[in-house]
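Me: I am new to this structure and would like to go through it step by step. Please show it first, and I will then put my questions.

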Amino acid sequence: MKEKLLFSILLLSGPFLSFGQSILWEMPSTAADTTIVRHWRGDEYFVYTVAGSGPATVSYHDNAAPSTVSMSLPSNIRVRDFRIAHDSVFAGGTDGVSGFLACFDIKIAKNPK
């Protein structure tokens with residue numbers, strides 16, 4: 001009886017489980033081992049990419065413009081995940097020896113004085 005109830009709940013909640021999924025875009029021109037994409041606001045995204053043993057890249061994409069600004073990270077830095085809250089990026093990763101947590105304000109990074 002419990003199995004039938006559980007199956008019914010899972011069956012009925014199926015459409016709602018996929019509601020929170022992110023949008024997936026194929027980028028066949030990007031050869032990368034690791035890519036993390038996070039939405040900021042409107043048509044603006046931040047993308048972290050690592051290809052092979054080379055340096056990681058962090059890019060800001062504005063699909064409305066369209067424009068991209070990229071920055072290479074030091075070769076020993078690997079970001080495991082990052083999130084955007086309001087106008088700040090929070091990242092965690094490793095530097096080859098130990099772990100790190102980082103945070104930066106997007107508006108200051110976009111418009112340095």
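Me: In what order do the four strands of the open sheet lie, and is the pairing parallel or antiparallel?
Reply: The model is a predicted one. Its four-stranded open sheet has antiparallel pairing. Strand 1 (34-41) and strand 4 (67-72) have a single partner strand each, so they stand at the edges and one side of each lacks a neighbour in the sheet. From one strand to the next the twist averages 15°. The order, with antiparallel pairing, is 1-2-3-4.

Me: Which elements does the protein chain run through from the N terminus on?
Reply: The secondary structure comprises two helices and seven strands. Read from the N terminus, the elements follow the pattern α-β-β-β-β-β-β-β-α.

Me: In strand 2, which residue is the bridge partner of Val37?
Reply: Strand 1 and strand 2 (residues 44-50) are antiparallel and pair over seven bridges. Their hairpin has two residues between the strands, and Gly42 takes a positive phi near 50° there. The bridge partner of Val37 in strand 2 is Val47.

Me: Which residue takes a positive phi in the hairpin of strand 2 and strand 3?
Reply: Strand 2 and strand 3 run antiparallel and are joined by six bridges. Within this pairing, Tyr48 has Val58 of strand 3 as its bridge partner. The hairpin has six residues between the strands, and the residue with a positive phi, near 65°, is Gly52.

Me: Which residue of strand 4 is the bridge partner of Val58?
Reply: Strand 3 (residues 57-62) pairs with strand 4 over six bridges in the antiparallel sense. The two strands form a hairpin with four residues between them. Ser59 stands opposite Ser70 of strand 4. For Val58, the bridge partner in strand 4 is Met71.

Me: What is the order of the open sheet of three strands?
Reply: The edge strands of this sheet are strand 5 (78-85) and strand 7 (99-105), each pairing on one side only. Direction ignored, its neighbouring strands are turned by 20° against each other on average. The pairing is antiparallel, and the order is 5-6-7.

Me: Which residue in strand 6 stands opposite Ala85?
Reply: Strand 5 and strand 6 (residues 88-94) run antiparallel, with seven bridges joining them. Opposite Ala85, in strand 6, stands Ser88.

Me: Which element gives the largest share of the largest nonpolar core?
Reply: This core has 14 residues, of which Phe46, Tyr48, Leu73, Val79 and Phe82 touch the most other members. Strand 1, strand 2, strand 5 and strand 6 are the elements that give two or more residues to the core. The largest share, three residues, comes from strand 2.

Me: Which residues are in contact with Phe46, leaving aside its neighbours within four places in sequence?
Reply: Phe46 is one of the core residues that touch the most other members. Phe46 is also buried, as is Tyr60. With the neighbours within four places set aside, the contacts of Phe46 are Ile36, Val37, Arg38, Trp40, Ser59, Tyr60, Phe82, Ile84 and Ile106.

Me: Why is the pair of rings formed by Phe46 and Tyr60 described as it is?
Reply: Two values describe a pair of aromatic rings: the distance of the centres and the angle of the planes. The Phe46 and Tyr60 pair links distant parts of the chain, with Phe46 in strand 2 and Tyr60 in strand 3, 14 residues apart. Planes under 30 degrees apart would count as stacked and over 60 as edge-to-face. The centres of the two rings are 5.5 Å apart and the planes stand at 55°, so the pair is tilted.

Me: Which residues form one aromatic cluster with Phe46?
Reply: The count of aromatic pairs comes to three. Phe46 belongs to a cluster in which the other members are Trp40 and Tyr60.

Me: What percentage of the residues in the protein chain is buried?
Reply: The chain exposes about 8600 Å², and carbon and sulfur atoms supply 62% of this area. A residue counts as buried under 20% relative accessible area. Of the 113 residues in the protein chain, the buried ones make up 23%.

Technical notes:
Residues are numbered from 1 along each chain as its sequence is written. This is a predicted model: local features need pLDDT of at least 70, side-chain atom pairs count only at pLDDT 80 or more; totals for chains, interfaces and linings use all residues. Side-chain values use heavy atoms; hydrogens and water are left out. Two strands pair if DSSP finds at least two bridges between them. Axes are lines fitted to C-alpha atoms, for helices over the stretch in contact, and angles run from 0 to 180 degrees between N-to-C directions. Buried means under 20% relative accessible area, exposed over 50%, partly exposed in between (1.4 Å probe, protein chains only). Accessible areas come from the Shrake-Rupley method with a 1.4 Å probe; for residues, only the protein chains shown count as cover. A nonpolar core is a set of buried Ala, Val, Leu, Ile, Met, Phe, Trp, Tyr and Cys residues joined through side-chain atoms within 4.5 Å. Contact means heavy atoms within 4.5 Å. Rings of Phe, Tyr and Trp (its six-membered ring) pair if their centres lie within 6.5 Å; planes under 30 degrees apart count as stacked, over 60 as edge-to-face and the rest as tilted.
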